Amino acid sequence: MLNQIKTVGKYLDQPLVVGKFSKVVPGVLLGGATLYTANEVRKAPKDKKKEVAINTGMILGATSLAALVAPRIAAKAVGRPYEKVDIAKIKQFNKDLVENFLSKNDVDSTTNKVLTKAKSKVLSIKEIGFLRKKLEPTENGRKFLDSFVPEPQNVTAGEIVKDMGRLSVLGAVPVAGGIAGGIAGDMATDKKTWKQKVPNKIKEGVYQYLANIFLCNVGAAGALGIMESLNVKSKAARATSMVGGIILTGVIGGSSIANYISRKFINPLFESKETRQMNKVKRQQEKLEKHNHKKVKSDDRKPELLDICLHTDDIATVAVMSGLKWIEPALPILYAISGYRAGIGYRNGDDKSNCHHHHKHNNHYEHDKKEL
C-alpha cells in the first residue's frame with residue numbers, strides 16, 4: 001500500500017505534470033469565475049440580473065486576478081526569485097537526463113521505450129511504477145529517478161518561517177483583491193449605501209485570512225518547527241504534527257481570534273460614538289445573560305461547513321511545507337474562495353440588516369420578495 005502511494009506521489013510530482021498543471025490554473029480560475037457569475041445571474045430576478053452581473057463579476061474578477069499575481073508578490077515578499085514555468089526547459093532537462101543515463105546503462109527494450117517517452121511526455125502511474133521496479137534496485141537507477149522526480153525534502157527551521165511567510169502572503173493577496181472588488185462592485189451598483197457594506201467585507205476578510213489561512217500556517221509551521229527541534233525525520237510524523245497544529249490554531253482557535261479582532265479593532269473604526277456606546281451596553285447585557293446561562297444572540301462569525309472545507313488549503317500547505325510540488329499550483333484557486341467570501345462581506349450572525357449571504361449577494365432580493 002505504501003509503495004503504491006509513493007508511486008502515485010512520484011507520478012504527481014513529475015516536473016512536467018506540475019508545469020502543465022501550473023499552465024492550466026489561470027484558465028481554470030478565470031473559467032470557473034465566469035461560470036459562477038453566469039449561474040448567479042441566471043438565478044437572480046429579472047430586475048436584478050444586471051446588478052448581480054456587475055457585482056459578482058467585479059468581485060470574482062478582482063479576486064481571480066489577485067490570486068494569479070499572488071505567487072509573484074509572495075516570492076518577492078520573502079526575497080525569493082519567482083520561478084516561471086518553462087515547459088520547453090523541463091523537456092530539455094528530461095531529454096538530457098535520459099540520454100545520459102541510457103549512454104551509461106544497459107536496459108531492456110521495454111525500459112528503453114518508457115525512458116524514451118519520459119524525454120518529452122508525462123509518464124503514467126503504471127509507467128512510473130514500472131521504472132521504480134526496474135531501476136530502484138541499482139544505485140544508478142535510484143540516482144536517475146531522484147533526478148527525474150526529486151524526492152520531497154525535509155525543510156529546515158529557517159525554510160519553515162520563509163514558507164509560512166510566503167504562503168501567508170499568497171493567501172492575503174486574493175482576500176485583499178476580493179475586498180477591493182466587492183467595494184468597487186457596491187460602488188457601481190449601490191451608490192447610496194455602499195459605505196455601510198464595507199465593514200462586513202473587512203470583517204469577513206479578517207476572518208477568512210486569520211481563521212482559514214494565516215493562523216493555520218502558523219500552526220503548521222510551529223508544529224513542523226517542534227518536530228525539527230526534536231530531530232524527527234519521519235515525513236508521516238511531521239505531516240501529522242502539522243495537521244494537529246492546524247486544528248489547534250486554525251480550526252479551533254482561528255474563529256475566536258478573528259471575531260475578537262473584529263470586535264476590538266475593526267468595528268470601532270466604523271462605529272459612531274452613539275453606536276459604540278450602544279454596542280458596549282449590548283455586550284454587557286450579553287455577559288449578564290451568559291452568566292445566567294441564557295442563550296445569547298451574537299453577530300460573531302461562526303464557522304460553517306464551507307469554512308471547514310476551506311481547510312483543504314491547509315492540507316495543501318502541509319504538503320507544500322513537506323516538500324510536495326504538485327499541490328502548490330492549486331493554492332491560488334483555493335485561496336480565491338476566501339477572497340470571494342470576503343468580497344461579498346459574508347456574515348452568518350444574527351444581524352440581518354448587515355448580513356450578505358453568498359447566495360443573495362448584497363441585494364437581499366429573496367428576502368425582499370418574502371417581505372412583499
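This is a short walk through the structure above, from its overall make-up to some of its helices, salt bridges and loops.

Keep in mind as you read that the model is predicted. The chain is helical in its regular structure, with 16 helices and zero strands. Of its 372 residues, 42% are buried. If you look at contacts in the chain with a separation of 6 or more, 75% of them come from residues 24 or more positions apart.

A good place to begin is helix 15, which covers residues 331–343. From its first C-alpha to its last, this 13-residue helix reaches 18 Å, close to the 18 Å expected at 1.5 Å a residue. How much of helix 15 is buried? The count is 10 of its 13 residues, so the helix is largely enclosed by the rest of the structure. The buried residues are L331, P332, Y335, A336, S338, G339, Y340, R341, A342 and G343. Just after helix 15 you will find G345, which takes a positive phi of about 65°.

One neighbour of this helix is helix 3, made up of residues 49–77. Two packed helices are described by the angle between their axes and the distance between the axes. Here the axes come within 9 Å and cross at roughly 140°, and the crossing is right-handed. On the helix 3 side, the contact is made by I59, L60, T63, A67 and P71. Helix 15 contributes P332, A336, G339, Y340 and G343. Sorted by class, this contact has seven nonpolar residues, three polar ones and no charged ones. The helix 15 residues in the contact are also on the list of buried residues: P332, A336, G339, Y340 and G343.

Charged side chains come into view elsewhere. Side chains of opposite charge can pair when their charged atoms come close. The structure holds 11 salt bridges, and a few of them make a useful tour.

Let us take K201 and D186, whose side chains meet in a salt bridge at 2.9 Å, N to O. K201 belongs to helix 9 (residues 194–229) and D186 to helix 8 (residues 157–189), so this pair ties together parts that are 15 residues apart in sequence. Are these two partners buried or exposed? K201 is buried, with a relative accessible area of 0%, and D186 is buried too, at 1%. Both values fall under the 20% cut-off for a buried residue. Another set of charged residues forms a network: salt bridges that share partners join K95, E99 and K119.

The bridge between K134 and D108 has a separation of 3.2 Å, N to O. This pair links distant parts of the chain, with K134 in helix 6 (residues 125–135) and D108 in the loop between helix 4 (87–104) and helix 5 (109–118), 26 residues apart. K134 is partly exposed at 41% relative accessibility, and D108 is partly exposed at 31%.

K143 and E139 offer a more local arrangement, with a salt bridge at 3.4 Å, N to O. Both sit in helix 7 (residues 139–148), and because they are four residues apart, they are separated by about one helical turn. K143 is partly exposed at 49% relative accessibility, and E139 is partly exposed at 48%.

Now let us return to helices 8 and 9 for some single residues. S168 is found in helix 8 and is buried, with a relative accessible area of 4%. Which residues does S168 touch, leaving aside those up to four places away in sequence? They are Y209, F214 and N217.

Further along, G222 is found in helix 9. With a relative accessible area of 34%, G222 is partly exposed. G222 and G245 are 23 residues apart in sequence, and their C-alpha atoms are 7.1 Å apart in space.

Our last stop is N231, in the loop between helix 9 and helix 10 (235–252). N231 has a positive phi of about 60° although it is not a glycine. This residue is exposed, with a relative accessible area of 53%.

Conventions
Residues are numbered from 1 along each chain as its sequence is written. This is a predicted model: local features need pLDDT of at least 70, side-chain atom pairs count only at pLDDT 80 or more; totals for chains, interfaces and linings use all residues. Side-chain values use heavy atoms; hydrogens and water are left out. A salt bridge is a side-chain nitrogen of Lys or Arg within 4 Å of a carboxyl oxygen of Asp or Glu. Helices (H or I, at least four residues) and strands (E, at least two) are DSSP runs, numbered from the N terminus. Buried means under 20% relative accessible area, exposed over 50%, partly exposed in between (1.4 Å probe, protein chains only). The expected span of a helix is 1.5 Å times one less than its number of residues. Contact means heavy atoms within 4.5 Å. Axes are lines fitted to C-alpha atoms, for helices over the stretch in contact, and angles run from 0 to 180 degrees between N-to-C directions. A crossing is left-handed if the near helix is turned anticlockwise from the far one by less than a right angle, and right-handed if clockwise. Ala, Val, Leu, Ile, Met, Phe, Trp, Tyr, Cys and Pro count as nonpolar, Asp, Glu, Lys and Arg as charged, and the others, Gly among them, as polar.
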